[in-house]
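Student: Please give me a close look at the interior of this model, taking one part as your starting point and working outwards from there. I would like a connected account rather than a list.

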Amino acid sequence: MPLKLTRRQSLTTLLAGLLPVLTPHGAMARTPLRIGMIGSGHVGSTLGQLWSRAGHEVMLSALTLREAQERVEELHFGSAGTSHDAAAFGDVVVLAVPYGALQQLGHTIGPVLNARPLIDATNPYTWRDGKIGRQALLEGAGMVTQSLFPTAAVVRAFNSEDMTTLLAQSNRPPPRMALPMAGDVARALTMAGWLIHDAGFDPVVAGGLSAAGLFQPGGPAFEAQMDADDLRRLLGVTGDSAVERSLAARFAAAQASGGR
Ligand SMILES: NC(=O)c1ccc[n+]([C@@H]2O[C@H](COP(=O)([O-])OP(=O)(O)OC[C@H]3O[C@@H](n4cnc5c(N)ncnc54)[C@H](OP(=O)(O)O)[C@@H]3O)[C@@H](O)[C@H]2O)c1
């Protein structure tokens, strides 16, 4: 009889199988951050794993606290909490849920976030996410997510590649794979850039939130799997924004001090 794995079993198997090939991190781009993860499926578990290995502190949440606790027991990193706990915990909070859940989460965790950075790693799909998914595909997920979390400093990032690709390409020999990000608030973009770096990739600023459509499903840079130079060419950006200059200086300093 064929062996049918539950989603949780397949996640744990995938991460456990790939762990030995992930390069251990040296110094991070900055001091450890507290990361509140909303959702702990493929995206939450994968990003949480990469950041935890880099030295960041991750709190995983799920639909229920029990589910989050089981995920933490299986994955052997981080702590478990409710969505509210994770939103309160994070210096930065990451959305890793179906896009259709964002309306409800805007009400439940939006007020807790205040103006903190909110990295939106979700993708909208018409077949799964109903009316709000259609709206995000039409108007751009960046703008729609910002409207659902009006006080937060939203950055769209980590949504453009499949998690299997991220695990396989993390910290590959130079040129590293690049990940696009888009946002309107410089300090939030900077934090997302650190986290892209610490996950083992090169950050590329695509522009403000309105540029996030370029790397959502249907956009030219979705699943582009390129290094930074090629990705900038595709996006039509030069890489000389203030955020990218400040990130480059930080990464050079981290490398000089023995990290990457
Ligand atoms: N999979 C990929 O490679 C990939 C890559 C880029 C972007 N994305 C996008 O990232 C998002 C997450 O994808 P995924 O593959 O990680 O999905 P997934 O494996 O189905 O995980 C979804 C997570 O969200 C939680 N969740 C669902 N509804 C929720 C709600 N209303 N409140 C709080 N938590 C809720 C689930 O809780 P339970 O565990 O309790 O069910 C689960 O932990 C999606 O928007 C997807 O399109 C996916």
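Tutor: In this predicted model, the largest nonpolar core has 73 residues, and those that touch the most other members are Ile38, Val94, Ile119, Met181, Ala192 and Ala206. The element that gives the most to this core is helix α10 (residues 186–198), with 7 residues. As a general background, nonpolar side chains in soluble globular proteins tend to be buried together. The setting for this core is a protein chain with 12 helices and 8 strands, in which 47% of the 260 residues are buried. Among the contacts in the chain between residues at least 6 apart in sequence, 71% join residues that are at least 24 apart.

Ile119 is a good residue from which to follow the packing. If neighbours up to four places away in sequence are left out, Ile119 touches Val92, Val94, Leu95, Val155, Ala157, Phe158 and Ala192. Of these partners, Val94 and Ala192 are themselves among the core residues that touch the most other members. Val92, Val94 and Leu95 lead us to strand β4, where Val92 and Val94 point one way while Val93 and Leu95 point the other way, and where these four residues are buried. The general rule behind such a pattern is that in a regular strand the side chains alternate between the two faces of the sheet.

Strand β4 can next be placed among its neighbours. On one side, β1 and β4 pair in the parallel sense over 4 bridges, and Ile35 has Val92 of β4 as its bridge partner. On the other side, β4 pairs with strand β5 (residues 117–120), again in the parallel sense, over 3 bridges, with Val93 standing opposite Leu118 in β5. Further along, strand β6 (residues 153–157) is joined to strand β7 (residues 178–183) by 3 bridges, and these two strands run antiparallel. Val155, which was met above as a contact of Ile119, has Gly183 of β7 as its bridge partner.

Taken together, these strands belong to an open sheet of 8 strands in the order β3-β2-β1-β4-β5-β6-β7-β8, with mixed pairing. At the edges stand β3 (79–80) and β8 (202–207), each of which has a single partner strand, so that one side of each is left without a neighbour in the sheet.

Helices lie across parts of this sheet. Helix α2 (residues 42–54) lies across β1 (34–38), β2 (57–60) and β4 (92–95), and runs at about 160 degrees to β2. Helix α11 (residues 228–235) lies across β7 and β8, and runs at about 10 degrees to β8. Helix α2 also takes part in the surroundings of the ligand: both α2 and α5 (102–108) supply at least two residues of the shell around the ligand, and α2 gives the most, with 3 residues. Of the 25 residues around the ligand, Gly39, Gly41, Ala62, Leu63 and Thr122 come nearest, and by chemical type the shell divides into 12 nonpolar, 11 polar and 2 charged residues.

Another buried position deserves attention, this time in a helix. Ala136 lies in helix α7 (residues 126–139), and it counts as buried because 30 other C-beta atoms lie within 10 Å. Not counting residues up to four places away in sequence, Ala136 touches Tyr99, Pro124, Ala141 and Val144. Asn123 is 13 residues away from Ala136 along the chain, and the C-alpha atoms of the two are separated by 8.7 Å.

A few backbone details in the loops complete the picture. Pro174 and Pro175 are joined by a cis peptide bond with omega of about -5 degrees, and Pro175 has its place in the loop between α9 (163–169) and β7. His76, in the loop between α3 (65–75) and β3, has a phi near 60 degrees, a positive value in a residue other than glycine; because His76 has 12 C-beta neighbours inside 10 Å, it counts as exposed. Gln225, in the loop between β8 and α11, likewise has a positive phi, of about 50 degrees, although it is not a glycine. With 14 other C-beta atoms within 10 Å, Gln225 is partly exposed.

Note on methods
Residues are numbered from 1 along each chain as its sequence is written. This is a predicted model: local features need pLDDT of at least 70, side-chain atom pairs count only at pLDDT 80 or more; totals for chains, interfaces and linings use all residues. Two strands pair if DSSP finds at least two bridges between them. Two residues are in contact if their C-beta atoms, placed from the backbone, lie within 7 Å. Axes are lines fitted to C-alpha atoms, for helices over the stretch in contact, and angles run from 0 to 180 degrees between N-to-C directions. A nonpolar core is a set of buried Ala, Val, Leu, Ile, Met, Phe, Trp, Tyr and Cys residues joined through C-beta atoms within 7 Å. A residue is buried if 20 or more other C-beta atoms lie within 10 Å of its own, exposed if 12 or fewer, and partly exposed in between; C-beta atoms are placed from the backbone. A residue is near a molecule or strand if its C-beta atom, placed from the backbone, lies within 6 Å of it. Ala, Val, Leu, Ile, Met, Phe, Trp, Tyr, Cys and Pro count as nonpolar, Asp, Glu, Lys and Arg as charged, and the others, Gly among them, as polar.
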